[in-house]
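This report considers one helix and two loop residues in turn. Please view the sequence and the model together while reading.

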Amino acid sequence: MSTLKNLLDKSSLSREDIILLLQAEGEAMQDLFRKATEVKRFYVQDKVYFRGLIEFSNICSKNCYYCGIRSANRKTERYNLSDDEIVDAAIFAYENGYGSIVLQSGELSNKRFVNRISNLLSKIHGATNQKLRITLSCGEQEKDTYQKWFDLGAIRYLLRIETSNRDLFYKLHPNNRLHDFDNRLKCLEYLKDVGYQVGTGVMIGLPYQTYDDLAGDLLWMKSIDVDMVGMGPYIEHHDTPLYDLRHLLLPIGKRFELSLKMIALLRILMKDINIAAATALQAIDKTGREKAVEIGANVIMPNITPYSYRDQYKLYENKPMTTDSPDDFLARLEERIKLAKNEIAYNEWGDSKHWEEKQ
Ligand code: SAM
Ligand code: SF4
């Protein structure tokens, strides 16, 4: 155990070091968390930024084997919020001091979809005096599309690689033009070229995934110099092909713990980036996101999608579906963030410090 503690004092961690630390248990795991907490406090302070998450449509052209809203899942009732509903949610975020929103959806790339996002960006900026930072999470697109959306005021983009291991990627996706590992990598490059604050991430605890894969994910994120990361546990969904492999999974509690270790290690490796506490953590442990905040994450994405649609954006089992009123929800969240010894930075954009340094 003392050897693991010594690793935490090294100025840089090798792949082997990371693999060992990912397996830390008990006191050694607590040492890892303490170190990450210190790094977070020093580089990005004990602050949490809010991004109001608007899951505006579950219509998707893709068929990722893990995702509950994949196009082949006929049991999912499809929805598409109206522009007014989306703008109202953005106004709610603005009036409640969130500073930023995330527009997320299934992946479409037709002209109608592209133009719709363009119009929405203008409408949202118009309705909120250009005071909100807008993040998009709408999948793989042409470079021109990314450029157009950036010019219209989207400044951040989230595109998870899901796993940086190409072979594992193809165990999680059909091997066809729509699900192409190289294209996903290319899109991340486009986003960077255009000037976005670029976010990526992986799922943790996937079938066939090894500690070596996860160490590789962390080093890959560092090598592409990302500004933001959102990563969390893989959680099975009974209407997906990957559900058949559930016997290969780590117990859910272990997947949760492993996700916290990944976040802590990432904070140590990439000290000044923004790290989101994924909603999937909350699906396992009610205070999962706050636990992540305590050991390295500095972004939370409260769901501000109108309540009536939330049940239909079901990526995985037990996705949290709060029925609290917005005020009760905020009061509870504030309380829990305080318990995690952090404070919410209201009315702040909370841009990635890592990105700011590069400007
Ligand atoms: N369609 C866009 C895309 O795939 O980039 C954005 C929306 S997609 C639902 C957002 C993320 O949900 C994916 O990147 C994936 O990591 C995550 N996700 C999907 N199914 C999941 C599952 N079963 N467990 C955990 N995360 C999941
Ligand atoms: Fe569609 Fe994204 Fe789900 Fe894949 S992860 S099926 S692209 S919504």
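In helix α6 (residues 143-151), the buried residues are Thr 145, Tyr 146 and Trp 149. Buried denotes under 20% relative accessible area, exposed over 50% and partly exposed in between (1.4 Å probe, protein chains only). Helices (H or I, at least four residues) and strands (E, at least two) are DSSP runs, numbered from the N terminus. The model is a predicted one, in which local features need pLDDT of at least 70, side-chain atom pairs count only at pLDDT 80 or more, and totals for chains, interfaces and linings use all residues. Residues are numbered from 1 along each chain as its sequence is written, chains are lettered from A and ligands numbered from 1 in the order in which they are written, and side-chain values use heavy atoms, with hydrogens and water left out.

Why do the buried residues lie on the same side of α6? They cover an arc of only 100 degrees around the axis, the arc being that of the directions from the helix axis to the C-beta atoms. An α-helix has 3.6 residues a turn, so residues three or four places apart point the same way.

The buried residues of α6 pack against α5 (111-127), β3 (133-137), β4 (154-158) and α8 (181-194), contact meaning heavy atoms within 4.5 Å. On the face turned away from the buried side are the exposed residues Asp 144 and Asp 151. Gly 153, with a positive phi near 105 degrees, follows α6.

Two residues other than glycine also have positive phi.

| Residue | Phi | Loop | Relative accessible area |
|---|---|---|---|
| Tyr 208 | near 75 degrees | between β6 (203-204) and α9 (211-223) | 45%, partly exposed |
| Lys 341 | about 60 degrees | between α14 (326-339) and β10 (343-344) | 55%, exposed |
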